[in-house]
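User: Please take a close look at the part of this model that holds the ligand. Then add what can be said about the rest of the structure.

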Amino acid sequence: MEETPLALYMSIGFDIITIFPGMVSAYIGESILKRAVQKGLLDVKVYNLRDHATDKHRTVDDYPYGGGSGMVMKIEPLYTAVQAIKADGLERLTVMLSPQGRRYDQAAAESLSQEKRRILFICGRYEGIDERVKESLVDDEVSIGDYVLTGGELGALVIIDSVARLIPGVLGDEESAKEESFTWGILDYPHYTRPPEFMGMRVPEVLLSGNHKDIADYRRKEALRRTLQKRPDLLGKAALSKRDYDILNELCSSKTGINDAEEEG
Ligand code: SAM
């Protein structure tokens, strides 16, 4: 029987409007995302906003009404760019990158990875984008964190990268996304590879034992320990079993509880 191509199972498409198409294409053209595109699991189209400017200088920004520093991205080129992209009739979710948007996280990545529509990103620059763009063209305003970047391109790439790796077939077995930080609402367990000892630092014996049950128990406990240590805020929302609560109680009640992994390992 002929094998069904992965692309028929699930794939995801993105459109990006930017004044720096080269920045975006450079990242998409390397490594895992490049392979995902080649396999037909990921489709990314990058549009230069200046192609939709109407004057000979290809202007996309102007002075702010009311005065103040910096320039503002004009609505007309963005409007015509979005209309031109949507002329293919495909369904799209239009997302504007903005530090004022809904904060992006792993749950948002998982939700976007199920999106059937193409996702169209509008990348801002300068002081930001004319407010009427949000009112007339945008479905969702997303921030990748509480800091201000010079443009939305990195935000779009962060989202594409984190969503693409959730699409089945994008990561090989060796790069599985199933057991990573945030996947189960807690942080990932510690990783080791050869050599078993380096400058007196030994890999925990249990990982060399070949006992799969002991290894799984060790990893779960270490994942819980480091979540308790580094991001206790996550535990309130995580999907935890009765056994997880027992482990957490044990870690909390032991005097060195959250710091004694080495002695136990
Ligand atoms: N004046 C704007 C404000 O304070 O809200 C910031 C404009 S910023 C210098 C220029 C562009 O970078 C924004 O329009 C947005 O597209 C992008 N950007 C900056 N920080 C971002 C963040 N944390 N998340 C997503 N996009 C961001």
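Analyst: A polar backbone atom of Leu-149 lies 2.9 Å from a nitrogen atom of the ligand. The model is a predicted one, and the distances are computed from its atoms. A polar backbone atom of Ile-144 is 3.0 Å from a nitrogen atom of the ligand. Gln-100 makes its contact through the side chain: a polar atom there is 2.9 Å from an oxygen atom of the ligand. With a cut-off of 3.5 Å for a pair of N or O atoms, the Leu-149 pair at 2.9 Å, the Ile-144 pair at 3.0 Å and the Gln-100 pair at 2.9 Å are polar contacts.

As for cover, the ligand taken alone exposes 590 Å², and the protein buries 84% of that area.

The shell around the ligand holds 19 residues. Leu-97, Gln-100, Glu-127, Tyr-147 and Leu-149 are the closest of them. Leu-149 and Gln-100 thus appear both among the closest residues and in the polar contacts described above. By residue class, the shell is made up of 9 polar, 8 nonpolar and 2 charged residues. Strand S5, residues 92-103, and strand S7, residues 140-143, each supply at least two residues of this shell. S5 gives the largest share, with 4 residues.

Turning to ring packing, the count of aromatic pairs comes to 1. The pair is formed by Phe-14 and Phe-121, whose ring centres are 5.8 Å apart and whose planes meet at 5°, so the pair is stacked. The cut-off for stacking is an angle under 30 degrees. Phe-14 belongs to strand S1 (residues 12-18) and Phe-121 to strand S6 (residues 118-122), so the pair ties together parts that lie 107 residues apart in sequence. Phe-14 is buried, at a relative accessible area of 0%. Phe-121 is buried as well, with a value of 0%.

The last element to describe is helix H6, which covers residues 153-164. H6 has 12 residues and reaches 16 Å from its first C-alpha to its last, close to the expected 16 Å at 1.5 Å a residue. The helix is mostly covered, with 9 of its 12 residues buried. The buried positions are Glu-153, Gly-155, Ala-156, Leu-157, Ile-159, Ile-160, Ser-162, Val-163 and Ala-164. In an α-helix there are 3.6 residues a turn, so residues three or four places apart point the same way. Among the buried residues of H6 are Gly-155, Ile-159 and Val-163, and also Ala-156 and Ile-160.

Note on methods: Residues are numbered from 1 along each chain as its sequence is written. This is a predicted model: local features need pLDDT of at least 70, side-chain atom pairs count only at pLDDT 80 or more; totals for chains, interfaces and linings use all residues. Side-chain values use heavy atoms; hydrogens and water are left out. A residue is near a molecule or strand if one of its heavy atoms lies within 4 Å of it. A polar contact is a pair of N or O atoms within 3.5 Å; within protein, one must be able to donate a hydrogen and the other to accept it, and residues adjacent in sequence count only if both atoms are side-chain atoms. Accessible areas come from the Shrake-Rupley method with a 1.4 Å probe; for residues, only the protein chains shown count as cover. Ala, Val, Leu, Ile, Met, Phe, Trp, Tyr, Cys and Pro count as nonpolar, Asp, Glu, Lys and Arg as charged, and the others, Gly among them, as polar. Rings of Phe, Tyr and Trp (its six-membered ring) pair if their centres lie within 6.5 Å; planes under 30 degrees apart count as stacked, over 60 as edge-to-face and the rest as tilted. Buried means under 20% relative accessible area, exposed over 50%, partly exposed in between (1.4 Å probe, protein chains only). The expected span of a helix is 1.5 Å times one less than its number of residues.
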